[in-house]
Structure formats: structure tokens, C-alpha cells
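Let's work through a few short exercises together. Take a look at the model first, and then follow each solution step by step.

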Amino acid sequence: MKHLTIIKGICTVLLLASSTSCNDWLDVQPASQIEDTELFNSESGFKEALSGVYSSMINESTYTREMTYGAIAILGHEWSNYPTSINNVSTGYEELGDYDYENAFSENIIANIWANSYNGIANVNNLLNHIDEQQSLFTGDNYAIIKGEALALRAFLHFDLLRCFGVSYAVNPSMPAIPYSTDLSYRVFPQLTVQQVAESVEKDLLEAEQFLQVDPILTGEEITELDDNGYLMNRQVHLNYYAVKALQARLYMWMQRYGDAEAAAETVINSGAFPWVDLNVVSVGHDYAFATEQIFALNNTTMSTLYDTYFSTEADNTTFTLTVEDFGEYFDNVTTDYRYLYQFQSGTENEAVNWRFLLKYSNPAENLGEDFENRSYYSDKMPLIRLGEMYLILAECRYRNGGDALTPINDLRTARAASAIETLPSDFYDLLIREYRRELFAEGQLFFLYKRLNRPAVIGSDADVITLKAYTFPLPVSETDVTQRENNR
């Protein structure tokens, strides 16, 4: 098949060392293995291809484990307890928690993050290579929205690769980092510096923002099932206009452009598109993940299995948990906090009574009656960007610029029923880190915050992470051995 041949070539050229088959990344219809010429000969084919990119992110090597509550959370020392093996195979988390990146287990985790992310990027590039020449196929605003999402996805995946494999701006923005892949071809893309990659991410996001000016989440257009089978409904599970602005805020924080980050975060906050969670919905078990506040989430239909495997009190030696002591420390024993009250549960047997199990990734569909209004809205969502982070970005930007950092911190705290603080502490960044730990627990953002701030220590570890160069993954072995990439650390 034409597209499968291209895929294998790209995997060879980029040397994506991984146990993941290169055949998987454009297999949007594996039963029929549609060729490019057929896939991109209809609007529905482009929709399927874009859906395939999102589906490729629902992978335990990346966003349904390692890039959220798994490896990245282990590096941030977010958990008290974690599985040392899954299906009789070592997780490598013990070594990873010690920042040992040279053992086989860590190398495999790192290589799979690299491989799966670049496979998704190749998928996006294949779509982008065809979309302009087929613009006449599209109805309504679908051309602009699909292209905008594709550009945003390419930026999203590259930015997370940069946060993994590039040093922070605080260290050296001129340090070699990763390739920025913009085509589906046999050539090897050059290794760019941290700054060059960040600028490429910015370029894609700015272009995506322009295309997404017609996004219903921005225009307020009401979409129903009668409109193109409801294709533009449920914009939170797509990289929508405001998700692009939120990602810009993350990027500009990374690039130390705090004025731009503040403006982007304020755009999201002021939109009113993501209201604070309703206590009445949370308290009855319908919304442990605070769905209304999710700016971008993956539609993950495996959530129930994920929860049963890694977070259930009934799981067998594969759970991620906090001890009751660590749990109390996380929340400063503020027992009124919604996150403290509703996002965790206690174990029921033996030593597990002293453990706290996360409910954020449970599937509330199991608690909802079939006739519950908006049942599907609260189900199967894996949060990747949420409102609370925008308030924390806003607070940090204002602090750096000598403005009012206290108000956004307190806006977040009071939305969680935690008491407001009267004055900022002398160590603002310690407060910021602890707010991130509570708000974005097990979502893959804490370690990257430590990295961006270039903190010498991570709470829960006595390692000198700067001396160890632990904030930056080494490039996969095959990438350095064969393509002669420059040292990225």
C-alpha cells in the first residue's frame, strides 16, 4: 500500500527506535488499509486522518500513561507508591525516579515517547501535504478548522518533545535540541536549537490561530447533530481556538516572554468558555476530572480500563497511590478543598486504608444513569490542558512584572473552596509549585514546571537534578549513533 510504504521509509530515516510498529501511525482504517489517494479524496477522509492523529495520542507510551501520570509524574516525584512491574514486565520507574536514564528500562520509555510522538507528527504532515490541493472538497468551515487543528497538533507534539529532549531557556536556548518535522519525506530533518524549535512551534500556533477564527467555540455558533452530523460539536476534545491560545501561554512561559504569556492566558480566562466546576455535579460523583474546565482533552474510550488497572482500590499491584501523610501534605490538610474531598478515595483493606487512590481518571459514565443530561460530556475525557493552569500562568507573569499575582492565585483557591491567602510568601515559586502539585496532579505538568524554573531540587527527591542533567532526556541511542545528532544535554 502506498501510505504504508511511505510510513516505513519515514520510520527508517528518522530512526525512531521503538517497540511500536511503524505500520500503526496512519492506520486510520486498519481493516481496509486505505491508500493516500483514496483517504484524501473526500472530506470524510480528512476527518478520519485527523481523528487518527488524536487516536495515536491515546497510547500508554505517551498521553494515557507516560506523559501524564506515568513517567513524567515519576520524575516529578508526585506519587508515594507506583507499580514496579506491569504484566510481569518491569516499569523502570524505580530507576527513572533516580534519574538514571542509561538503563534499558528508561531508554525504552524515552525511545517510545520519541517514536510515538514523531509518528503522530508524520501523520499530521501527511494530512497537511494534501489539504490545500483538496480545499474544494470541504463544506462550511471544515477546511479551515481541520487545517488549524492539524497545525496545532504538530505544534503540540513538537513542544512536548522539546520539553523532554531540549534544555530549558534558563539553561541555554542555543543548545541543540530536536528536529522540527514539517513534511512527510525521506530526508532527515536537521536538529534545531531550543530557540529554533520554540519559534517553529510558535509559527504553527499563530497560523493555527488564524485558521481557527471560525471555530464555533470562538464564534458562539450553535452546532447540533443536524449540522454535518454534529462534526463541530464537543470542541474540548479537539485542539480548538482557546486550546491554541492556552498552548501559546505555555510556550511563551517556556520562551520567557511573560507579557505574551499573560495576554494568551487572559484570553482563555476572559472567554468564559470554561466555567469553574459545579460542586453539585462533583459531589455526587459525576465529574471528578472537572470537565467544564478542560480546555483540551483526549476522547479516550479506554478510561474505564485505565482506571481499573492503575487507580482502582481493587487493582492488583499496578496502582499509583499517595500515602495518607503525603496526601495531607499536598493539600496542607485543607479538608474543604474540592480536590481533597472528591478527587481521591481511601483504600478499604489491610495497608491500603492508609493509601489514597486518584479518582480523576475514573469514568463517571459508570455513575450516571442512562437518562442523565449530557452524560457523554462528562465521560471518556483525558485532560491535557485545563483552566487552572491559565490562572497559575497569569499569577507568575504578574509576579515577574511586579503586578497583582495574589488575585489569580486566590481566584483558583476559592474556586476549590480552599481559603484565600492574605499575602504572598517570601518564596513565591515555592507557593507556585505547590499550587501546580494540587491543581495539575498526575497530568504531566509539574516536572516541566521544575525544569522551566531550573530548580535544583524536586520535592520528594534529594537528587541534585541540575548536576545530573536530569531535566533533559538523552536522545534515543539509535538517533545519536547513526544520524550523528549533536549532544542535546
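**Exercise 1: An asparagine in a loop**

Asparagine 454 lies in the loop between helix 19 (446–453) and helix 20 (477–483), where helices are DSSP runs of H or I with at least four residues, numbered from the N terminus. This is a predicted model, in which local features need pLDDT of at least 70 and side-chain atom pairs count only at pLDDT 80 or more, while totals for chains, interfaces and linings use all residues. Residues are numbered from 1 along each chain as its sequence is written, and side-chain values use heavy atoms, leaving out hydrogens and water.

Task: Describe the phi and the accessibility of asparagine 454.

Solution. Start with the backbone: phi of asparagine 454 is near 55°, a positive value in a residue other than glycine. Most residues other than glycine have a negative phi. Next, take the accessibility: asparagine 454 counts as partly exposed because its relative accessibility is 22% (buried is under 20% relative accessible area, exposed over 50%, partly exposed in between, with a 1.4 Å probe and protein chains only).

**Exercise 2: A second asparagine**

Task: Is asparagine 234 buried or exposed?

Solution. First find asparagine 234 in the loop between helix 9 (216–219) and helix 10. Its phi is near 55°, again a positive value in a residue other than glycine. Then read the accessibility: with 53%, asparagine 234 counts as exposed.

**Exercise 3: Two packed helices**

Task: Work out how helix 3 is oriented relative to helix 6.

Solution. Begin with the geometry: helix 3 (residues 43–57) and helix 6 (residues 104–131) pack at an angle of about 165°, and their axes are 9 Å apart. Axes are lines fitted to C-alpha atoms, for helices over the stretch in contact, and angles run from 0 to 180 degrees between N-to-C directions. Helix 3 is therefore roughly antiparallel to helix 6 (under 35 degrees is roughly parallel, over 145 roughly antiparallel, 65 to 115 roughly perpendicular, the rest oblique).

Now look at the residues that touch, where contact means heavy atoms within 4.5 Å. Helix 3 contributes Phe46, Ala49, Leu50, Gly52, Val53 and Ser56, and helix 6 contributes Gly120, Asn123, Val124, Leu127, His130 and Ile131. Finally, sort them: 7 are nonpolar, 5 polar and none charged (Ala, Val, Leu, Ile, Met, Phe, Trp, Tyr, Cys and Pro count as nonpolar, Asp, Glu, Lys and Arg as charged, and the others, Gly among them, as polar).
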